[in-house]
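Student: Please take one strand of this model and go through its surroundings closely. I would like a single connected account.

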2 protein chains.
Amino acid sequence: MERLNVCVIGYGTVGKSVVEILEGFNDIDVKYIVIKDQKNKCKKNMTIDYEKVINDESVKVVLEMINGDAYDYIVKALKAKKSVISSNKLTICKHLKEYTFLAKKNKVSLLFDASVCGGIPIISNIYKYKRIDPINSLYGIMNGTCNFILDLMNNFDFDFEKALEKAKLLGYAEKDPSSDIMGLDVLRKIIIASEVAYDVSIKSNEVFFYGINNIKKAYLDFLKEHGYTLKLLGYSSYKKASLTIHVMPTALKNSNVMSHVNSNLNMISLNTNSIGDLSMIGQGAGGLATANQMINDLLDFKENKVFEIPDFQEVKLDNLEVATYYIFNNLELFENVKFKVENNVLQTKKITIKQLEEYAKKAKNLFFARIEE
Amino acid sequence: MERLNVCVIGYGTVGKSVVEILEGFNDIDVKYIVIKDQKNKCKKNMTIDYEKVINDESVKVVLEMINGDAYDYIVKALKAKKSVISSNKLTICKHLKEYTFLAKKNKVSLLFDASVCGGIPIISNIYKYKRIDPINSLYGIMNGTCNFILDLMNNFDFDFEKALEKAKLLGYAEKDPSSDIMGLDVLRKIIIASEVAYDVSIKSNEVFFYGINNIKKAYLDFLKEHGYTLKLLGYSSYKKASLTIHVMPTALKNSNVMSHVNSNLNMISLNTNSIGDLSMIGQGAGGLATANQMINDLLDFKENKVFEIPDFQEVKLDNLEVATYYIFNNLELFENVKFKVENNVLQTKKITIKQLEEYAKKAKNLFFARIEE
């Protein structure tokens, strides 16, 4: 049996679970665990000396799971002809094109299924299905923290602050939860998934994203009365070479299964002409689930089952989609696009994302919901 | 680019879609389409002469999609060292162990993801996840016809006969729908998926299965009042070397996402310790979706991404599970295991599947629902 030497970078929740699971594999050795601070060394194979790892030709794969941008780690690994597997959405979202170039140049693999919705195999399934026909669209609940908060507010009568507090208590929200609740986390995930799905390169600063930090219980009650449930969704579509992508609070009809996905779960749907909608529901985060996905990528590498990364094309972000929105405050700003007002909630006519974005810039603590057609 | 010659057997809905999709692939040739009757020949590559195909060494893969048992076709193909891809649950359920033996002996592949819930990649994902830790359980809505009928009855006030009629009209039910509505179709699917998940060989005549043919609208109304939705589910679990497997009408709590999966959709959940529950929702049947899955298997073969089929072990079917049931008629039979009766519906104490099976044998037109814990 051929043995495989790997290096683990980062020994947080995911890193620990990866090391733990790999102890069950006789043919894979964690030769190094790279940590930042010598003081934290608690295992024989831990090191702060990444250069030593880079120069060790027996290490074929680097499993990267740090907090923050891992740019230097990843670039050095790829240049040293080591394959990289990462769960780090920040760094993959920021540098995917460059990493891909380096991986191809050095004839190594770059795998990152765990960076998008932890335990859900969305990236590998995108690769799988796009072999047959183009992916038309992707959308879903891609942040467990927000979904947990919305579940407590929708179904257990919590207000936002109490729900956030409980999420922190249970470890579903970080001390500083802003990247989750303001939609930045979903932004990164939908960008990575869309880049792989459509073979395009997307500039994250061009994408409109909006979170749930200005939400109020009363808004959810209004939606419930109208047969809707609010979810924070990432969405993208690519049709006739026209790309739409955004992150928004969305009012889903109760007949949509996604409106019933609660707790801290994630759900993603992809659509192609021949398969229709294919959806997956699972743990979007958490040590073990994310580690499982990291190791699935590793086993795909070991068994030569890796899909080739596409060449990402630069495309214009069209955002041609038009939609109607419920506006819950700052109503006066939306007078020109008003369709009707009911119980102090304004429903817009069909407007573009660009229009919405301009209104949002002028508003203060705006809260709105895109209405599912 | 290396060209791949394949043979298609069966030119029904799925076969036609497979041929159509493969026209888009420059490196795959449908060299033969095997049909039964010379009169139906409408394409140059159609033939009734399977021996010619078997003797043509340039054909590497046989794509089998007929109605009925394809035993002879598959055995001949495997013996001639051709890989086989099948969407035929009847033949795979019946002969998987023998096919596997022949495939291994002749060093060819046997792929059948399309045989279980058409457009949902459950078999390939079972292979993927069981590399890391054992599959604990599998369950789901595995028959679109029944799910469509139950949706009409639950949400659109149809009675069973009207719902079945409409399903036939829309092509969701066959002229003789008995294998669907009596649970036989689900039985085959849950057996195939379980055999792959647990590496076991299951005798289909030992498994208790029950359909929805005796259902009445009033039973669903009772369940609705009690916060339940009825679904026909396939279920299996394998824990501590103890196997449980059955097909039953099941009362799902409304908090279970599966209770909201409607129309003709399928949903399957698998559970492992590290990933938790991972669920997939999609088209369980239909020409294009099933064809897509056939071609995904074919591309996995072409790209050397095929998982090795396990050696299936004979195991005893323990069915140690105990559960409570709602009994909707034949109440007098269940007197000994009665927990309570309400509105002419009896709720049992916890009983084993064997007990239930014995009562069911004595009853006439029994309808019951396993109650989700």
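**A strand and its setting**

Tutor: The model is a predicted one, and the strand chosen here is β7 of chain A, residues 135-141. Five of the seven residues of β7(A) are buried, so the strand is largely enclosed by the rest of the structure.

β7(A) has pairing partners in the same chain. Strand β12 of chain A, residues 265-272, runs antiparallel to β7(A), and six bridges join the two. Within this pairing, A:Ile141 has A:Met267 of β12(A) as its bridge partner. Strand β10 of chain A, residues 228-239, also pairs with β7(A) in the antiparallel sense, here over five bridges. In that pairing A:Tyr235 of β10(A) stands opposite A:Tyr139. In a regular strand the side chains alternate between the two faces of the sheet.

Burial can also be followed beyond the strand. The largest nonpolar core holds 248 residues, and the members that touch the most others are A:Leu63, A:Ile149, B:Leu63 and B:Ile149. Leaving aside residues up to four places away in sequence, A:Ile149 touches A:Phe160, A:Ala163, A:Leu164, A:Ala167 and A:Ile212. In soluble globular proteins, nonpolar side chains tend to be buried together.

For a covered helix, turn to α11 of chain B, residues 287-302. Of the 16 residues in α11(B), 14 are buried, and the helix is mostly covered. From first C-alpha to last, α11(B) reaches 22 Å, close to the 22 Å expected at 1.5 Å a residue. After α11(B) comes B:Asn304, with a positive phi near 55°.

Note on methods
Residues are numbered from 1 along each chain as its sequence is written. Chains are lettered from A and ligands numbered from 1 in the order in which they are written. This is a predicted model: local features need pLDDT of at least 70, side-chain atom pairs count only at pLDDT 80 or more; totals for chains, interfaces and linings use all residues. A nonpolar core is a set of buried Ala, Val, Leu, Ile, Met, Phe, Trp, Tyr and Cys residues joined through C-beta atoms within 7 Å. A residue is buried if 20 or more other C-beta atoms lie within 10 Å of its own, exposed if 12 or fewer, and partly exposed in between; C-beta atoms are placed from the backbone. Two residues are in contact if their C-beta atoms, placed from the backbone, lie within 7 Å. Helices (H or I, at least four residues) and strands (E, at least two) are DSSP runs, numbered from the N terminus. The expected span of a helix is 1.5 Å times one less than its number of residues. Two strands pair if DSSP finds at least two bridges between them.
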